[in-house]
Amino acid sequence: MDSVRSDAPGLALKILVAGGFGVGKTTLVGSVSEIRPLRTEEQLTAAGSAVDDLGGVEQKTTTTVAMDFGRITIRDGLSVYLFGTPGQDRFWFLWDELAQGALGAVVLADTRRLTDCFPAVDFFECRGIPFVVAVNRFAGTRDYRPDEVSRALDLDADTPVLLCDARERSSGKDVLVNLVEHAGRVHAARLLADVGG
């Protein structure tokens, strides 16, 4: 049997990183990417203060206006492309384009502003895109158990909820591994249902 050639076309998995404004999407993509991530950040201005709620994230000075992009090579011929979505609702028109062909998504959540991740949860549920919720742990905030977050977000019982620190590469990679495993189970179940139906 021939071994896989290194010049053979590779398989690329597309994963979205979504969530509310200031939850750590850019940080997560940057911490796990093996390449210098592409960022489309702009400075927050006084003009945007009327539409950008800085409650709980008062130290934030920039915002993503299109997307973040990073890459991780799992093994020869298998890469994961990460697309971080903008968090403010005025940029949600980009989400449909970014979601095309996605294996799944990470919805980052901040328990200080948990309702900010509802739109992302709704977006992926309505489109049947598998997702996990990753609770980004911020210093000085109360810790909640994954089952408490799951109930607060009214998630399906099989939707994983994980605790993470978006700044730490190993924590971010654990989230991505859990997402790929979850998406694999969801897609396999759908194939079996199609064959059985």
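**Notebook: cavities, cores and cysteines**

I began with the lining of the second largest cavity and sorted its residues into five nonpolar, two polar and three charged. For this I counted Ala, Val, Leu, Ile, Met, Phe, Trp, Tyr, Cys and Pro as nonpolar, Asp, Glu, Lys and Arg as charged, and the others, Gly among them, as polar.

A note on my source: this is a predicted model, where local features need pLDDT of at least 70 and side-chain atom pairs count only at pLDDT 80 or more, while totals for chains, interfaces and linings use all residues. Residues are numbered from 1 along each chain as its sequence is written, and side-chain values use heavy atoms, with hydrogens and water left out.

**Cavities**

A cavity is a set of points, on a 1 Å grid over the protein atoms alone, where a 1.4 Å probe fits but cannot get out; lining residues have an atom within 4 Å of a point. Volume is the space filled by probe spheres set on the points, which are joined across faces, edges and corners. How many cavities of 30 Å³ or more are there in the whole structure? My search gave two.

The second largest has a volume of about 40 Å³, and its lining includes G20, F21, D116 and C117. The largest has about 60 Å³. Among its lining residues I found D110, R137, R142, D143 and Y144, and the whole lining splits into four nonpolar, three polar and four charged. I met D110 in both lists.

**Cores**

Next I looked up the largest nonpolar core (buried Ala, Val, Leu, Ile, Met, Phe, Trp, Tyr and Cys residues joined through side-chain atoms within 4.5 Å). Buried means under 20% relative accessible area, exposed over 50%, and partly exposed in between, with a 1.4 Å probe and protein chains only. This core has 25 residues, and L16, V107, F124, F131, V133, L153 and L155 touch the most other members. Helix α3 (118-127) is one of the elements that supply at least two residues, and α3 gives the most, with four. Helices (H or I, at least four residues) and strands (E, at least two) are DSSP runs, numbered from the N terminus.

**Cysteines**

A disulfide is a covalent bond between the sulfur atoms of two cysteines. I searched the whole structure with a cut-off of 2.5 Å between cysteine sulfur atoms and found zero. Is C117 buried or exposed? C117 is buried, at 1% relative accessible area, whereas C126 is exposed at 67%.

Terms used. On a 1 Å grid over the protein atoms alone, a cavity is a set of points where a 1.4 Å probe fits but cannot get out, and a pocket is an open set with protein on both sides within 12 Å along at least five of seven lines; lining residues have an atom within 4 Å of a point.
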